[in-house]
Number of protein chains: 2
Amino acid sequence: MYSLSEENYLKAIYHLSNNGEESVNTNAIAEEMKTAPASVSDMIRKLSKKKLVNYQKYRGVTISSKGKYIALNVIRKHRLWEVFLVEKLSFKWDEVHEVAEQLEHIQSNQLIERLDEHLGFPKFDPHGDPIPNANGEIAPIPTTTLSMLKPGDKCRVICAKDSSSDLLVYLDKIKISLGARLEVTDFHAFDGSFSLEVEGANPITISSKVTENIIVEEL
Amino acid sequence: MYSLSEENYLKAIYHLSNNGEESVNTNAIAEEMKTAPASVSDMIRKLSKKKLVNYQKYRGVTISSKGKYIALNVIRKHRLWEVFLVEKLSFKWDEVHEVAEQLEHIQSNQLIERLDEHLGFPKFDPHGDPIPNANGEIAPIPTTTLSMLKPGDKCRVICAKDSSSDLLVYLDKIKISLGARLEVTDFHAFDGSFSLEVEGANPITISSKVTENIIVEEL
DNA sequence: TATTTTTTTTAGACAAATCTAAAACTTATA
DNA sequence: TATAAGTTTTAGATTTGTCTAAAAAAAATA
Ligand SMILES: [Mn+2]
Ligand SMILES: [Mn+2]
Ligand SMILES: [Mn+2]
Ligand SMILES: [Mn+2]
């Protein structure tokens, strides 16, 4: 069993490393975890001793396969609990993340396997992110963002990149939900904003900060 | 917000004090919490500073109304989660306690109120214990145990006093479940054991250790 | 390449929760 | 009521996870 802190660090490193592929900086981890860089150095030394990360002083850190497995298990729990909160307890998609941050650390394989079954073995969480299976295997996340499209392109919304309440509440407001069909009608070079047709809703113009955080499938 | 440790101490003190009515010894708390008495002294001083308990050195400790409110809120969460595990995830009544010990510390009023609603506002947990309401009010627990009855007496099982897996598995084995109707057929003075008729099951003889842990309503 | 800036690590401290051993206090008993 | 026994508290450590300030190393830049 690993501590709550260790689990959170591994999860942060996993996410920052682009799903375990790249090396991660101390400062980036510190920012993600909202701690001092010195604390990160300490924790990395500890994770390294336990073979959960590969580490050489001053050279950044990569997550080991053992560490990745633990991170993916925590992510699995996080996302299954988010599905539970939305599907069974009628939470909105912008209300689930903080609670899931707590629930993801509950230790019980029986619990999580039965929760999975109770939810009908969902493949995606309420934000469109794939749910790892019990072996720590996860479907790849598409990489096309709305910001990459051109006027005339049509797409379907797959996933929100950011799980902040601010983004999700805004997407609700402009009626962009998972699965929504969009058409890019105009691109404004001055600030990078996009004008869109949203199926079943009014046309809108949204900033590049928003389009960069919407993952889509081109149609 | 109080720490996991503080919550567990308050819960222990609440239970040991007979629902807040009596004073509790350091050693009793230490045994319940499986810690050294010295650790209990430290924690009591801390809880006392926060006005969660009333304390005079060497004189034992009583829980304050603020402390009782917190303890009952943790107990509420514990018991609601136990209902969830049994009703929604098909756990057996002897499998829920350890997981509920973790889940009871999740901090979210929204979560617990929606869980309560999702479960249909249950009044009792899977072991027959009453569930406190959101204001920290709790129904009294009956005090008649099976061990108090005499041959010829009939009763209905209300509640298991002990939540250990060992007791609960044993009760399953001899077909004593909540609501079961029993008739005392014989009392054996030598060891205090009882012979019983169990409605819909075979007659049995059980030890005083078991009869003392079954709360019943006489019929 | 030498210097400056940025990043990372180490040193030393702290709070929370625990421990063992010893001292202080209370209760029981001869 | 003196002494023994039991209970509780204090003293002093330890572990975990954090911090600030300073030192060390790497990267950027002049
Ligand atoms: Mn989330
Ligand atoms: Mn977390
Ligand atoms: Mn329980
Ligand atoms: Mn607990």
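Guide: In this predicted model, the surface near DNA strand D is made up of eight nonpolar, eight polar and four charged residues.

Visitor: Which element gives the most to the surface near DNA strand D?

Guide: Helix 3 of chain A does, with four residues. Among the 20 residues around the strand, those that come nearest include Ser39(A) and Lys46(A) from chain A, and Tyr55(B) and Lys57(B) from chain B. Of the DNA atoms within 4 Å of the protein, 73% belong to sugar and phosphate.

Visitor: What makes the pairing of Ser39(A) with a phosphate oxygen of DNA strand D a polar contact?

Guide: A polar contact is a pair of N or O atoms within 3.5 Å. An N or O atom in the side chain of Ser39(A) is 2.4 Å from the phosphate oxygen, so the pair counts as a polar contact.

Visitor: Why is Glu82(B) called buried?

Guide: Buried means under 20% relative accessible area. Glu82(B) has 1% relative accessibility, so Glu82(B) counts as buried.

Visitor: Why is His97(B) called partly exposed?

Guide: Partly exposed lies between the limits of 20% and 50%. His97(B) is at 22%, and therefore counts as partly exposed.

Visitor: How do you know that His78(B), Glu82(B) and His97(B) are donors of the manganese ion (ligand 3)?

Guide: A donor is an N, O or S atom within 2.8 Å of the metal. Atoms of these three residues coordinate the ion at 2.0 to 2.1 Å, so they qualify as donors. Along the chain the donors follow the spacing H-x3-E-x14-H. Glu82(B) is in helix 4 and His97(B) in helix 5 of chain B, 15 residues apart.

How values were computed: Residues are numbered from 1 along each chain as its sequence is written. Chains are lettered from A and ligands numbered from 1 in the order in which they are written. This is a predicted model: local features need pLDDT of at least 70, side-chain atom pairs count only at pLDDT 80 or more; totals for chains, interfaces and linings use all residues. Side-chain values use heavy atoms; hydrogens and water are left out. Donors are N, O and S atoms within 2.8 Å of the metal (3.2 Å for Na, K and Ca); water is not among the atoms, so sites may look incomplete. Helices (H or I, at least four residues) and strands (E, at least two) are DSSP runs, numbered from the N terminus. Buried means under 20% relative accessible area, exposed over 50%, partly exposed in between (1.4 Å probe, protein chains only). A residue is near a molecule or strand if one of its heavy atoms lies within 4 Å of it. A polar contact is a pair of N or O atoms within 3.5 Å; within protein, one must be able to donate a hydrogen and the other to accept it, and residues adjacent in sequence count only if both atoms are side-chain atoms. Ala, Val, Leu, Ile, Met, Phe, Trp, Tyr, Cys and Pro count as nonpolar, Asp, Glu, Lys and Arg as charged, and the others, Gly among them, as polar.
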